[in-house]
Amino acid sequence: MASETDHSLGEAVAARIERRWATLSIVIVGVLVGMATYIGIHQATMPQGRVETADPKTLHLSGEFVESNLGSEMQADGSVTVRAIGQQYSFTPQCIVVPAETPITFRATSADVVHGFLIEGTNINTMLVPGYVTDLPVRFKAPGDHVMPCQEFCGIGHQGMWGKVKVIDKAAFRDMAAAKRRLTCVD
């Protein structure tokens, strides 16, 4: 008789513990759903403060991203603006030259599908979305070469979509910039 009572008592304790864990699990799921809902609604009503768009159908015809405007350009204040386009299956320009120890702004977009824009050895890692301009500030500390692969699957030729960022000395960059307006690794 004592074993039946112990067994009944054990079942009651186990049932109570299981109810508590089930309740806790439901509360956690509810909190997560509530957080996702709040964030979704908040982002829908409070979009990004600054969204720039570019028509992917006319990128190469007019505006900021025409081919003659791509690459590195030294601004009047000494900073550098780099304009680039990701398209299946390449970056244009393929190789970008920038100076070390200088404020640099990467402005990039996509002409066709979503591409990844990653510069290894830096904190630059974003997506290039057709129709939107990505604006990323960066400063390279020392000269060197950085690989720039597309890390977002963009189609069958994705594995061959690579670029390069070549960081050179600030004075050498200034000399190159004085010789011509736009800079790439290819003359």
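**Group meeting: a first look at this protein**

Let me begin with burial: of the 187 residues in the protein, 34% are buried, and I should say at once that what we are looking at is a predicted model.

Turning to the secondary structure, the protein has 2 helices and 10 strands, and if you follow the sequence from its start, you meet a helix, then the strands one after another, and then a helix again, in the pattern α-β-β-β-β-β-β-β-β-β-β-α. The protein is more spread out than a compact globule, because its radius of gyration is 27 Å, well over the 16 Å that the globule rule gives for 187 residues. The extents along the principal axes can be set beside that value, since the C-alpha trace spans about 100 × 35 × 35 Å.

Now to contacts within the chain: among those with a separation of 6 or more, 62% are between residues 24 or more positions apart.

As for the surface, the accessible area of the protein comes to about 11,400 Å², and carbon and sulfur atoms account for 60% of it. On the charged side chains, the protein carries 16 positive and 19 negative ones, with the centres of the two sets lying 7 Å apart.

Finally, a word on annotation, which I give as it stands in the record: an unreviewed UniProt entry lists residues 77–179 as "domain: Cytochrome oxidase subunit II copper A binding". In the model, that span of residues 77–179 is 48% strand and 10% helix, and its end C-alpha atoms lie 18 Å apart.

Terms used. Residues numbered from 1 in each chain as written. Predicted model: local features only at pLDDT ≥ 70, side-chain atom pairs only at ≥ 80, totals over all residues. Heavy atoms only, no water. Helix = DSSP H or I, 4+ residues; strand = E, 2+ residues; numbered from the N terminus. Rg over C-alpha atoms; globule rule 2.2 N^0.38 Å. Buried < 20%, exposed > 50% of the residue type's maximum accessible area, 1.4 Å probe, protein only. Contact = heavy atoms within 4.5 Å. Areas by Shrake-Rupley, 256 points an atom, 1.4 Å probe, with all protein chains shown as cover. Lys, Arg positive; Asp, Glu negative; His and termini not counted. Charge placed at Lys NZ, Arg CZ, Asp CG, Glu CD. UniProt positions renumbered as here; feature names shortened; annotations may be inferred.
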